[in-house]
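Me: I have a structure to read and some terms I do not trust yet. Please take them one at a time and show the reasoning.

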Amino acid sequence: MGNYALFILLHIMKYIFKFHILFNFSRYMFWTDFGYDSPRIERADLTGENRRSIVSFGIDWYFAWFPMSVIVDYNHDPERIIWMDRYDNYIDYADLDGNNKDNLGYIGQNIRPADLALYGDILYWADENSYSIQRFNMTQRINLFFNFGHLTDGQLSGIVVSDESRQPVGKVD
């Protein structure tokens with residue numbers, strides 16, 4: 001399957017199954033599956049084989065977990081995954097096998113993250129409640145987060161950080 005066809009397939013899967021799929025240099029893809037029945041973060045090889053749940057979330061009568069997006073933090077040693085839950089306001093992390101789970105931070109305001117992006121030590125998310133982009137500095141915990149202000153009256157559903165340091169160098173013919 002060509003790269004373009006794979007991109008289209010994954011794009012369609014994201015909207016049908018509400019997966020947030022992430023590929024990384026460790027030759028895995030990660031995604032979140034949220035909902036009332038069995039919320040979890042899963043991982044598989046890039047071939048789709050060896051699929052397994054690496055972080056599972058409990059459910060109870062009063063509260064359900066909704067892990068909304070997952071990213072890989074390549075700057076941390078060892079590498080780790082970071083995610084946010086739609087309702088608990090915590091930024092959580094674990095290693096690439098789902099072990100050593102802990103909280104990275106807590107956001108006190110009413111947030112509803114839709115998607116995450118990481119650039120250096122700054123974690124960004126598209127927030128559905130405030131219709132804005134939020135950021136969190138993972139190394140300086142003073143003034144934990146910053147809101148870029150109301151961006152739209154529509155639904156924010158994704159975020160991408162683009163910088164020339166993250167782009168491949170183009171060829172000149």
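**Terms and reasons**

Reply: Start with β9: six of its seven residues are buried, so β9 is largely enclosed by the rest of the structure. Bear in mind that this is a predicted model.

Me: What makes serine 132 buried or exposed?

Reply: Buried means under 20% relative accessible area. Serine 132 has a relative accessible area of 0%, so serine 132 is buried. This serine lies in strand β11, residues 132-137. Leaving out residues up to four places away in sequence, serine 132 touches Trp125, Ala126, Asp127, Asn147, Gly149, His150, Leu151 and Leu156.

Me: Why does asparagine 89 count as buried?

Reply: The cut-off is under 20% relative accessible area. Asparagine 89 is at 10%, so asparagine 89 counts as buried. Its place is in the loop between β6 and β7. Residues up to four places away aside, asparagine 89 touches Gly105, Tyr106, Ile107, Gly108, Gln109, Asn110 and Ile111. Asparagine 89 and glutamine 109 are 20 residues apart along the chain, and their C-alpha atoms are separated by 7.9 Å.

Me: What makes the link between serine 132 and serine 130 a polar contact?

Reply: A polar contact is a pair of N or O atoms within 3.5 Å, where one can donate a hydrogen and the other accept it. The side chains of serine 132 and serine 130 are joined at 2.5 Å, and the side chains of serine 132 and glutamine 134 at 3.2 Å. Both values fit the 3.5 Å limit, so both pairs are called polar contacts.

Me: How do you know that β6 and β7 pair?

Reply: Two strands pair if there are at least two bridges between them. β6 and β7 have five bridges, in the antiparallel sense, so the condition is met. Within this region, isoleucine 81 stands opposite alanine 94 in β7.

Me: What about β9 and β10, and over how many bridges do they pair?

Reply: β9 and β10 pair over six bridges, also antiparallel, and at least two are needed, so these strands count as paired. Leucine 118 stands opposite leucine 123 in β10. The hairpin has two residues between the strands, and glycine 120 there takes a positive phi near 65°.

Me: Why are β5 and β8 said to stand at the edges?

Reply: Four strands form an open sheet in the order β5-β6-β7-β8, with antiparallel pairing. β5 (67-73) and β8 (102-106) each have a single partner strand, so one side of each is left without a neighbour in the sheet. Neighbouring strands of this sheet are turned by 25° against each other on average, direction ignored.

Me: Which residues touch the most other members of the largest nonpolar core?

Reply: That core has 14 residues, and Ile82, Ile91, Leu123, Trp125 and Phe136 touch the most other members. β6 (80-85), β7 (90-95), β9 (113-119) and β10 (122-127) each supply at least two residues of this core. A second, separate core of eleven residues includes Phe30, Val72, Ile81 and Ala94.

Me: What makes Ile82 eligible for a nonpolar core?

Reply: Members must be buried, of a listed type that includes Ile, and joined through side-chain atoms within 4.5 Å. Ile82 belongs to the largest core, so Ile82 meets these conditions. Beyond its neighbours within four places in sequence, isoleucine 82 has contacts that include Ile91, Leu104, Leu116 and Leu123.

Note on methods. Residues numbered from 1 in each chain as written. Predicted model: local features only at pLDDT ≥ 70, side-chain atom pairs only at ≥ 80, totals over all residues. Heavy atoms only, no water. Buried < 20%, exposed > 50% of the residue type's maximum accessible area, 1.4 Å probe, protein only. Contact = heavy atoms within 4.5 Å. Axes fitted to C-alpha atoms, helices over the stretch in contact; angles between N-to-C directions.
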